[in-house]
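Welcome, and thank you for taking a look at this protein with me. Could you explain how its parts fit together, step by step?

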Amino acid sequence: MAEYWDIYDVDRIKTQRTHLRGEPIEDGDYHLVVNIWIYNSQGKVLLTQRHPQIPFGLKWACTGGSALAGENTLQAAIRETKEEIGIDVEPEELILAGQERRLHSFLDTFVVCKEIQPQQIVMQAEEVVDFCWVDEEEYRAMEQKGLLHPALKNFFEIYRPHIPKQFWKKRQK
């Protein structure tokens, strides 16, 4: 099934155009992309291993993807989390932790503070082949070994500070 994205201009204003995924995107055109970092009370983040037949195959990454035509990034984050790992998240669980403009996309990064048991995770076979929970030390070791997706930004330095204080208090108990 063909996947279409809404096209935005450099100021993140939606145009009246769409783009077919897989086709070259024009300079000056942008689409919406989301990253979702799931963080648990043990201080670990959930990483998923990409399917070997997609770009950056077998690299580890957070959950994420492109917003489909008609979606905003909040809707895309909810859909991507359900599609890729079978986890339902509510809009109020998603904390917008960062926004940036990239070469042809606007990336919105969300943090979710949630307890998830391994048996709750249902991996999308076409995109995800494994998952793991890692703490900061494990994350840095994976980074040193070149196991992480190259576009992954450091969760522990950039996004963890956006976690609500009440979640930290729960973690310290």
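A salt bridge is a side-chain nitrogen of Lys or Arg within 4 Å of a carboxyl oxygen of Asp or Glu. Keep that in mind, as we will come back to it after a look at the whole chain. Please note too that this is a predicted model.

Let us begin with the overall build. The chain contains four helices and nine strands. Walking along the sequence, you meet them in the order β-β-β-β-β-β-α-β-β-β-α-α-α. Along the principal axes, the C-alpha atoms take up a box of roughly 50 × 35 × 30 Å. A compact globule with 173 residues would have a radius of gyration near 16 Å, and the chain has 16 Å, so the two agree. Of the 173 residues, 46% are buried.

Now to the salt bridges: the structure holds 14 of them. One of them joins R12 to D108, with their closest N and O atoms 2.8 Å apart. R12 sits in the loop between β1 (4–8) and β2 (14–20), while D108 belongs to strand β8, so this pair ties together parts that are 96 residues apart in sequence. The two partners can be described by their accessibility as well. R12 has 28% relative accessibility and therefore counts as partly exposed, whereas D108 is buried, with a relative accessible area of 1%.

Another pair to find is E71 and R79, whose side chains meet in a salt bridge at 2.7 Å, N to O. Both E71 and R79 are buried. There is a wider arrangement here, since E71, R79, E80 and E83 are linked in a network of salt bridges. The side chains of E100 and R102 also form a salt bridge, at 3.3 Å from N to O. Here R102, at 27% relative accessibility, is partly exposed, and E100, at 22%, is partly exposed as well.

Next, turn to the empty space. Rolling a probe the size of a water molecule over the atoms shows where empty space is left. The largest pocket has a volume of about 1,000 Å³. Its lining is made up of 35 residues, and V33, R50, G65, S66 and H149 lie nearest its centre. The elements that each give two or more residues to this lining are β3 (31–39), β4 (45–50), β6 (63–66), α1 (73–85) and β8 (105–113). By character, the lining residues divide into 15 nonpolar, eleven polar and nine charged.

Let us also pause at a residue in a loop. N40 is placed between β3 and β4, and at 6% relative accessibility it counts as buried, the cut-off being under 20%. The side chain of N40 reaches the backbone nitrogen of Q42 at 2.9 Å. In sequence, N40 and E115 are 75 residues apart, yet their C-alpha atoms are separated by 5.4 Å.

Finally, what happens at the start of helix α2 (residues 136–144)? There, a side-chain oxygen of D135 reaches to within 3.2 Å of the backbone nitrogen of E137. Past the other end, α2 is followed by G146, which has a positive phi, near 75 degrees.

Technical notes
Residues are numbered from 1 along each chain as its sequence is written. This is a predicted model: local features need pLDDT of at least 70, side-chain atom pairs count only at pLDDT 80 or more; totals for chains, interfaces and linings use all residues. Side-chain values use heavy atoms; hydrogens and water are left out. On a 1 Å grid over the protein atoms alone, a cavity is a set of points where a 1.4 Å probe fits but cannot get out, and a pocket is an open set with protein on both sides within 12 Å along at least five of seven lines; lining residues have an atom within 4 Å of a point. Grid points are joined across faces, edges and corners, and a volume is the space filled by probe spheres set on the points. Ala, Val, Leu, Ile, Met, Phe, Trp, Tyr, Cys and Pro count as nonpolar, Asp, Glu, Lys and Arg as charged, and the others, Gly among them, as polar. A polar contact is a pair of N or O atoms within 3.5 Å; within protein, one must be able to donate a hydrogen and the other to accept it, and residues adjacent in sequence count only if both atoms are side-chain atoms. Buried means under 20% relative accessible area, exposed over 50%, partly exposed in between (1.4 Å probe, protein chains only). The radius of gyration is taken over C-alpha atoms; the globule rule is 2.2 Å times the number of residues to the power 0.38.
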